[in-house]
Amino acid sequence: MFSDLTDRLVDNTAFMGYGAAVTPSPDGPLVFVTGHGEANRLLRFEAGRLVDRSCGVPADSGRQAIGIAAGDMDADGLEEVYIHNTDSYDGQTETTDLLLDRINHKGRSVWYDIFGERSNLDRGNQYAGRSVAAVDRFGTGRYGMVIASYGAALRYYELGDDREITDMADVVGLECDCYCRSLVAAPLVSASMDLFVGTDHGPNRLFRNENGHFRDIAGEVGLDETECNCRGAVAVDGAGGFGVATVGWETPNKLFKQQDGQFVDVAPVSFAESTTARTLLAADFDNDGHQELFVNALGEPNRLFGKRDERWQQLDCGDALEPDGCGTGAVVADLDGDGRLELLVVHGERAAEPLSLYTVQTDNGWLRVAPTTQYGAPARGAVVTLETDRGRQRRVVDAGSGYLCQSEPVAHFGLGGETTARREPRSITVRWPDGREQTVRRPESETVYEIPHPSASID
């Protein structure tokens with residue numbers, strides 16, 4: 001299925017990389033890639049090529065970065081970027097994390113570290129962790145950052161109006177002192193942003209958002225898997241509500257579907273088969289109107305699954321098979337604006353390897369929706385529903401999923417047409433984390449809709 005575009009990466013030297021995150025800028029998407037013991041990369045699409053523009057504070061070559069996510073923590077309409085550094089496998093670390101903010105300095109955007117401000121010098125995270133996710137717990141358009149700490153308690157940082165960073169995990173009920181690996185921040189069981197936590201050795205957790213505070217209900221709904229080494233996890237569109245797919249390290253993979261208030265594993269044998277899995281992505285790579293599941297592996301071939309005749313089946317991975325790749329992370333985004341998703345794969349745990357870039361060559365139709373918050377930043381955690389003449393598709397704007405990663409803050413829909421029957425759009429409905437909704441009737445295909453929060457249109 002995938003075709004190789006890696007030749008579009010400029011100066012793509014071997015790299016000890018882990019996580020990646022995509023955040024918008026006036027000049028197009030920015031892709032941060034964390035470097036473990038070497039400089040982080042900041043990729044921008046310029047003249048048909050991906051160029052590394054990282055320098056100064058974002059490069060941060062003196063620490064060992066792993067997980068990363070973006071979100072508007074200070075309600076200024078721009079996303080901050082949280083980079084988790086860890087020099088220890090578990091427990092306490094010597095290094096602290098980065099929280100990057102942007103300011104306009106002499107007409108250009110300059111990054112600086114909020115943890116480096118005087119009031120925050122003693123507030124840095126010094127615990128080993130893995131993934132990072134952004135959570136808007138009240139739906140106000142202001143996000144906090146969850147850090148899946150490994151061998152230590154879960155962290156949840158909020159940024160106050162006084163610019164002070166505070167760990168609020170205990171206060172808001174995100175109490176989890178275990179071997180946390182992956183995070184999925186999405187409205188899984190409530191109308192607000194809930195939080196799934198995948199762990200080593202189980203049990204996994206599902207924190208239901210109850211008016212801005214959280215309660216673990218994994219045992220009540222069947223997600224408290226105990227015999228797992230969870231790595232990647234992602235929300236998947238389903239008839240009864242969003243499901244959850246997980247991949248494990250040498251433990252069975254799961255595909256949970258919501259049914260009568262419970263999560264039931266419906267994974268086919270081919271998907272459930274144990275691998276050395278790392279990141280998991282859900283996206284409509286071929287624009288046929290159905291999500292595919294991409295499993296990024298470490299030292300084994302990558303795998304791809306899709307729905308054919310309403311059943312999940314293993315598909316041909318094409319150039320993205322990477323049978324000997326040291327995969328660590330992966331993200332999706334439409335980097336060149338052509339309506340087809342690019343897949344960026346990061347490598348480097350066992351050996352330094354170049355990044356890989358892939359796409360699917362297709363003429364299938366598409367439609368993209370980019371909702372924004374009350375302040376104009378990406379509305380991560382918002383749910384976008386597309387109604388067509390052939391049914392319904394839903395996407396949640398990525399706030400943190402996969403493993404160590406966070407994909408573009410856009411709901412991407414394929415409409416088919418070349419390989420399947422063409423779907424004609426009838427309406428788009430956006431539901432923000434505060435429950436507000438807005439509908440666009442008769443949207444046009446091959447269009448990107450930027451939809452502001454309803455309150456942003458009121459003078």
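This tour moves from the whole chain to one sheet and then to a single pair of residues.

**The whole chain.** Begin with the full model, which is predicted. Colour the chain by secondary structure: 4 helices and 35 strands appear. The radius of gyration of the chain is 20 Å, close to the 23 Å that the globule rule gives for 459 residues, so the chain is as compact as a globular protein of that length. Along the principal axes, the C-alpha atoms occupy a box of roughly 60 × 55 × 50 Å.

**Surface and interior.** Next, display the molecular surface. The accessible surface of the chain amounts to about 17000 Å², and carbon and sulfur atoms contribute 44% of that area. Of the 459 residues, 61% count as buried. Among contacts with a separation of 6 or more, 56% join residues 24 or more positions apart.

**Charges.** Select the charged side chains. The chain carries 43 positive and 73 negative charges, and the mean positions of the two sets lie 3 Å apart.

**An open sheet.** Now select β1, β28, β27 and β26. These 4 strands form an open sheet in the order β1-β28-β27-β26, with antiparallel pairing. At its edges stand β1 (3-4) and β26 (327-333); each has a single partner strand, so one side of each is left without a neighbour in the sheet. Strands of a sheet pair through backbone hydrogen bonds, in either a parallel or an antiparallel manner.

**One strand pair.** Zoom in on residues 342-347, strand β27, and residues 356-359, strand β28. The two strands run antiparallel and are joined by 4 bridges. Which residue of β28 stands opposite V345? Selecting V345 and looking across to β28 leads to S356.

Notes
Residues numbered from 1 in each chain as written. Predicted model: local features only at pLDDT ≥ 70, side-chain atom pairs only at ≥ 80, totals over all residues. Heavy atoms only, no water. Rg over C-alpha atoms; globule rule 2.2 N^0.38 Å. Buried < 20%, exposed > 50% of the residue type's maximum accessible area, 1.4 Å probe, protein only. Contact = heavy atoms within 4.5 Å. Areas by Shrake-Rupley, 256 points an atom, 1.4 Å probe, with all protein chains shown as cover. Lys, Arg positive; Asp, Glu negative; His and termini not counted. Charge placed at Lys NZ, Arg CZ, Asp CG, Glu CD. Pairing = 2+ DSSP bridges.
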